[in-house]
Amino acid sequence: MPYNALSGIGEFGLIDKIAGIAESTLYNVPNLVRGIGDDCAVFQPAEGLLQVATTDMLVDQVHFDLLTTPLKLLGSKSISVNVSDICAMNALPRYALISIAVPPSFSVEMIEELYEGMSYAAKEYGVAIAGGDTSSSRSGLVISVSMIGEVAGEQITYRNGAKKGELICVSGSLGGAAAGLRLLMREKEIMLEHIENNEPYNKNVMADLKEYSDAIQHQLLPLARLDIVRLLHAKEVRPSAMIDISDGLSQDLQHICRGSNTGALIHESRIPIHPGTRRIADELQNDALTLALSGGEDYQLLFTISKEDYEAIADDREISVIGEITGSEEGVLLSDIYGMTIDLTSMTGFDHFSS
Ligand code: ADP
Ligand code: MG
């Protein structure tokens, strides 16, 4: 068999190949409205009702580091990242199936901690933990959560409905999760250096993280924007396209544009950069805008909406208009504070297989 490295095609190239092989199976199920390619798969169990389903895996050393991640928060995050994909369809989460592969070093109490966090988050979102699977692991901890949600047929929102002239909106703020992660990595390095040098524990050497707690919280305890979905339902407006920002604004906006066959123009001055991020970025010699555009893991909602429908949510301070959908020939662009235009397609987000 020929050998082609995964880094050659990247994560999305690989998903495209998988989608090609799996495509013929879709015809087995006429009620399947959407397969691979959106935040959730969509199934129609009855007239007027849609069921949405998603799954996300968290792997030790890839998605988290137990040295900097309390298990309770990890449990909560594993629920939130799935709720976030359900929200991206404008749907409400209902129940979850959770599989774990547990390394021998784990104790009963550690798994209890993890599930305390999962249960806490599940209660906040109104989700039931309804099943799962348990295995041992020869390497690190693996958590795989699948979640089912529901939405009325007329409320479903895909990635591919954006139209030229519509507004591009984002909830909350961006960049905080990436800034928080970089801080935690720095603290880990300092800690490991101390251990390596056999130095006695000295808490004055560690930075006081209190002043950064908000960014760290965005990384360790992200919250899915179910409140925004509830707002949209209450105001009876439906975005034309929506995605949750897991890979970074730049890449996730490109997913909407590619799906909808449009371009986009967003403005740097309107991007709601998380308040603590600029200072953290300066300190770590990072760029706050880059963290907001391609840092990822913010789990905010990015959506497009007609100008008329936007009026109904214009008063909500959690929603920022950052630009407008354009024609596909215009590309996906950012106009910076100096008025220069930057091609966002040249900017990459997180890819599991990039070298
Ligand atoms: P998200 O970041 O919203 O969770 P992903 O980028 O992980 O979405 O996945 C994009 C699409 O590809 C989704 O529809 C997802 O269900 C599908 N997908 C990802 N990995 C696989 C896989 N291994 N097999 C089948 N479908 C997959
Ligand atoms: Mg998603």
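Let us start at the surface: Ile36 is exposed, with a relative accessible area of 51%. Here exposed means over 50% relative accessible area, buried means under 20%, and partly exposed lies in between, with a 1.4 Å probe and protein chains only. This is a predicted model, in which local features need pLDDT of at least 70 and side-chain atom pairs count only at pLDDT 80 or more, while totals for chains, interfaces and linings use all residues. Residues are numbered from 1 along each chain as its sequence is written, chains are lettered from A and ligands numbered from 1 in the order in which they are written, and side-chain values use heavy atoms, leaving out hydrogens and water.

Ile36 sits in the loop between strand 1 (32–34) and strand 2 (41–46). Helices (H or I, at least four residues) and strands (E, at least two) are DSSP runs, numbered from the N terminus. Together with Ile15 and Ile18, Ile36 forms a nonpolar surface patch with about 250 Å² of accessible area. Patch residues have over 30% relative accessible area and no salt bridge; like charges are joined within 9 Å, and nonpolar side chains (Val, Leu, Ile, Met, Phe, Trp, Tyr) within 5 Å. The areas come from the Shrake-Rupley method with a 1.4 Å probe, and for residues only the protein chains shown count as cover.

**The magnesium site**

Which residues hold the magnesium ion (ligand 2) as protein donors? They are Asp39 (OD), Asp85 (OD) and Asp244 (OD), lying 2.0 to 2.1 Å from the ion. Donors are N, O and S atoms within 2.8 Å of the metal (3.2 Å for Na, K and Ca); water is not among the atoms, so sites may look incomplete. Along the chain, the donors follow the spacing D-x45-D-x158-D. Asp39, in the loop between strand 1 and strand 2, and Asp244, in strand 8 (residues 241–244), link distant parts of the chain, 205 residues apart. Both Asp39 and Asp244 are buried.

**Salt bridges**

The structure holds 13 salt bridges. Each is a side-chain nitrogen of Lys or Arg within 4 Å of a carboxyl oxygen of Asp or Glu. The table shows some of them.

| Pair | Closest N to O distance |
|---|---|
| Arg159 and Asp38 | 3.7 Å |
| Asp65 and Lys188 | 2.5 Å |
| Arg225 and Asp227 | 2.9 Å |

Arg159 and Asp38 are both buried, and so are Asp65 and Lys188. In the pair Arg225 and Asp227, Arg225 is buried at 9% relative accessible area, whereas Asp227 is partly exposed at 39%. Salt bridges that share partners also join Arg34, Asp38, Asp39 and Arg159 into one network.

**The inside**

The largest nonpolar core has 50 residues, and those with the most contacts inside it are Val52, Ile79, Ile143 and Ile313. Such a core is a set of buried Ala, Val, Leu, Ile, Met, Phe, Trp, Tyr and Cys residues joined through side-chain atoms within 4.5 Å. Among the elements that each supply at least two residues are strand 3 (49–59), helix 2 (71–87) and helix 6 (226–234). A second, separate core of 37 residues includes Leu183, Ala215, Ile243 and Cys257.

Ile313 touches residues including Leu231, Leu232 and Phe303, not counting residues up to four places away in sequence; contact means heavy atoms within 4.5 Å. In helix 6, Leu231 and Leu232 are among the buried residues, as is His233. Just after helix 6, Glu236 takes a positive phi of about 55 degrees.
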